[in-house]
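Biologist: I have a structure on my screen and would love some help reading how its pieces pack. Could we walk through it together?

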Amino acid sequence: MKYNYFLFDLDNCLLYIPNSKDYFDNILLETLKQGSTKQIPERSERNKFWFSGNNYIDYLKKWGTNNIRDFWKCFDEIDFEYRKILVQKNEILLFDDVKSVLEEIYDANKKLAIVSNSADYIVDFIVKKLNINKYFHYFFGLSFDKDQSIAKPSPLGVLSVLEKLKYDPKKEKAIMIGDSIVDVYAAKKANVSACLIRRDKNKYPDGYGAWEYNPDFVIEQLNEILNF
Ligand SMILES: [Mg+2]
C-alpha cells in the first residue's frame with residue numbers, strides 16, 4: 001500500500017443503509033412536518049434539495065423553513081432515532097467486506113479516518129455500536145451548530161482531518177474512499193486521491209465523464225484498496 005492515509009465516507013461506503021434515498025427523504029419529510037413549513041413539497045422537489053449543494057438553504061426558505069440550525073438539529077435527531085432502531089434490527093449494518101479491510105490497513109500502520117456528512121454524534125454511535133472505532137484515528141462529522149458549508153463537497157472536512165493527523169503532503173499520500181460525487185469532489189479539492197466505490201451499480205448511470213472532478217479509482221469491492 002503506497003497510501004499512508006485512508007479516509008472513508010461512512011453512509012453507503014462502509015455502512016449499508018437500505019433504500020437510502022427513501023430513508024433520507026423520509027427524514028426530510030418528518031423534519032419539515034415538525035417545523036414551520038407551510039406546504040410540504042412534492043418528492044420531485046425534495047429530490048432537488050439533495051442535489052442543490054449550498055443552495056439547499058434556498059429550498060428550505062422557499063418551503064417556509066427559516067431557521068436552518070433548528071432544521072438540522074431536528075433532522076439529525078430523527079436520523080439518530082431511526083438509525084438506533086435499524087441498527088438494533090440489523091437492517092443498517094456494515095458491508096461484509098468492511099472489518100477485514102479496515103483491520104488489514106490498520107495492521108499495516110496506516111492512518112484511518114472517517115469524513116462523514118452525518119452528525120458527529122451519529123458517526124460516533126455507529127462506529128462504537130458496530131465495533132469499528134478501534135481502527136480509526138479520527139472521525140469527522142457535522143453538527144447543527146457547525147457551519148454546514150463545511151460538508152462535502154467542501155474539502156474542509158478532509159483538510160481538517162489530515163491536519164489533525166499531521167499529514168505531510170510532501171512525504172505522504174492520502175486517499176478518500178466514498179460512494180458519492182461529493183466524496184470525489186471533497187478529495188480532489190483537498191488535493192488528495194479519490195476512490196469511488198460502486199456499492200450501488202445504478203447510482204451514476206451516465207458515468208463520471210461530465211463531472212468537474214473525476215475519481216482516480218473506481219472500485220466495486222472495498223478490498224481493492226488493499227492494492228493501493
Ligand atoms: Mg456515502
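Biologist: In what order do the 6 strands of the open sheet stand?

Modeller: Keep in mind that this is a predicted model. The strands of the open sheet pair in parallel. Neighbouring strands are turned by 20° against each other on average, direction ignored. Read across, the order is S5-S4-S1-S6-S7-S8.

Biologist: Which strands stand at the edges of the sheet?

Modeller: Look for strands with a single partner strand, so that one side is left without a neighbour in the sheet. The edge strands are S5 (138-142) and S8 (217-219).

Biologist: Within S4, which residue is the bridge partner of leucine 7?

Modeller: Strand S1 (residues 5-8) and strand S4 (residues 111-119) run parallel and are joined by 4 bridges. In S4, leucine 7 finds its partner in alanine 113.

Biologist: Which strands does helix H8 touch?

Modeller: Two helices are worth a look here. Helix H7 (residues 156-164) packs on the sheet against S1, S4, S5 and strand S6 (174-178). Helix H8 (residues 181-189) also packs on the sheet, and its direction makes about 170° with that of S7. The strands touched by H8 are S6 and S7 (193-197).

Biologist: And how is H1 oriented against H4, by angle class?

Modeller: Helix H1 (residues 20-34) packs on helix H4 (residues 68-88) with the axes 9 Å apart and an angle of about 130°. An angle of that value makes H1 oblique to H4.

Biologist: How many nonpolar residues does the contact of H1 with H4 have?

Modeller: The crossing is right-handed. Residues in the contact include Ile27 and Glu30 of H1, with Phe71 and Asp79 of H4. By class, 2 are polar and 2 charged, while the nonpolar residues number 6.

Conventions:
Residues numbered from 1 in each chain as written. Predicted model: local features only at pLDDT ≥ 70, side-chain atom pairs only at ≥ 80, totals over all residues. Axes fitted to C-alpha atoms, helices over the stretch in contact; angles between N-to-C directions. Helix = DSSP H or I, 4+ residues; strand = E, 2+ residues; numbered from the N terminus. Parallel < 35°, antiparallel > 145°, perpendicular 65-115°, else oblique. Left-handed = near helix turned anticlockwise from the far one by under 90°. Contact = placed C-beta atoms within 7 Å. Nonpolar A, V, L, I, M, F, W, Y, C, P; charged D, E, K, R; others polar. Pairing = 2+ DSSP bridges.
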